[in-house]
Amino acid sequence: MSRPSQPKLNTTDHNGVSVIQSQAHAASSSSSLPVSVAGLQQVPQLIPANPSPGGGKALPPSKMKKPPADKDSEEYRQRRERNNLAVKKSRMRSKQKALDTQQRVNELKEENERLEAKIKLLSKELSVLKDLFLEHAHNLADNVHPPAGAEVSSPAPNSTSTNGQ
């Protein structure tokens with residue numbers, strides 16, 4: 001669906017902003033537009049007098065275009081030298097960071113190996129102590145036999161035992 005062309009009135013105010021206003025069509029019987037379209041209200045649009053490609057945003061000083069310096073100039077040579085030093089310094093920091101990270105990885109690997117060895121040693125010690133405990137408990141169970149005429153119930157809480165006294 002194509003829009004019918006409407007005559008436009010351009011005016012510029014004192015702030016340098018153009019205001020575009022569309023004239024409304026008069027609703028007449030000879031109009032080919034439907035009633036719903038002919039009755040629409042036109043809204044003025046604000047457009048800058050000098051449109052810029054940046055959308056009206058100001059660029060920071062670091063992004064502004066500077067005239068290219070002559071490659072033989074002293075200023076160009078100084079800027080290149082400063083940039084080369086900055087790049088060198090950045091690469092040195094990057095290499096140092098990589099070395100520090102690798103050193104930390106090696107330290108953590110060594111600590112991990114020590115801890116795994118300690119786990120293995122403690123596991124063996126636990127196993128030996130378990131075996132000793134079970135052997136001792138088995139020996140105690142073998143040495144304690146209930147008397148021939150006694151019931152197979154738990155002993156009384158205040159029973160006296162013979163400890164050789």
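Helices, in the sense used here, are DSSP runs of at least four residues marked H or I, while strands are runs of at least two residues marked E, and both are numbered from the N terminus. Counted in this way, the secondary structure of the protein, which is shown here as a predicted model, comes to 2 helices and 3 strands. If you follow the chain from the N terminus on, the elements run β-β-α-β-α.

Before turning to single residues, it helps to look at the protein as a whole. The chain holds 165 residues, and buried residues make up 2% of them, where buried means that a residue has under 20% relative accessible area. The accessible surface of the protein comes to about 16,100 Å², and 56% of this surface belongs to carbon and sulfur atoms. Contacts can also be sorted by how far apart the partners are in sequence: among those between residues at least 6 apart, 40% join residues that are at least 24 apart.

The next part of the walk follows helix H2, which covers residues 74-143. How many salt bridges does the count come to? The count comes to 3 salt bridges, under a rule that asks for a side-chain nitrogen of Lys or Arg within 4 Å of a carboxyl oxygen of Asp or Glu.

One of these salt bridges joins Glu74 to Arg77, with the closest N and O atoms 2.3 Å apart. Because Glu74 and Arg77 are 3 residues apart in helix H2, they are separated by about one helical turn. Glu74 counts as partly exposed at 44% relative accessibility, and Arg77 likewise counts as partly exposed, at 42%.

Arg77 has a further partner, since the side chains of Glu81 and Arg77 meet in a salt bridge with an N to O distance of 3.1 Å. Glu81 and Arg77 are 4 residues apart in helix H2, so about one helical turn separates them. Glu81 is partly exposed, with a relative accessible area of 45%. Taken together, Glu74, Arg77 and Glu81 are linked in a network of salt bridges.

Another salt bridge is formed by Arg79 with Glu75, and here the closest N and O atoms are 3.8 Å apart. Arg79 and Glu75 both lie in helix H2, 4 residues apart, which is about one turn of the helix. Arg79 is partly exposed with a relative accessible area of 32%, and Glu75 counts as partly exposed at 48% relative accessibility.

Further along the sequence, the surface can be read in terms of patches. Which residues form a negative surface patch? The patch is formed by Glu107, Glu110, Glu113 and Glu116. Glu116 has its place in helix H2, and with a relative accessible area of 47% this residue is partly exposed. That value matters for the patch because a member must have over 30% relative accessible area and take part in no salt bridge.

A patch of another kind is made of Val128, Leu129 and Leu132, which form a nonpolar patch on the surface with about 280 Å² of accessible area together. Leu129, one of these residues, has its place in helix H2. Is Leu129 buried, exposed or partly exposed, and what is its relative accessible area? Leu129 is partly exposed, with a relative accessible area of 47%, so Leu129 lies between the limit of 20% for buried residues and the limit of 50% for exposed ones.

Conventions. Residues numbered from 1 in each chain as written. Predicted model: local features only at pLDDT ≥ 70, side-chain atom pairs only at ≥ 80, totals over all residues. Heavy atoms only, no water. Buried < 20%, exposed > 50% of the residue type's maximum accessible area, 1.4 Å probe, protein only. Patch = residues over 30% accessible without salt bridge, like charges linked within 9 Å, V, L, I, M, F, W, Y side chains within 5 Å. Areas by Shrake-Rupley, 256 points an atom, 1.4 Å probe, with all protein chains shown as cover. Lys, Arg positive; Asp, Glu negative; His and termini not counted. Charge placed at Lys NZ, Arg CZ, Asp CG, Glu CD. Contact = heavy atoms within 4.5 Å.
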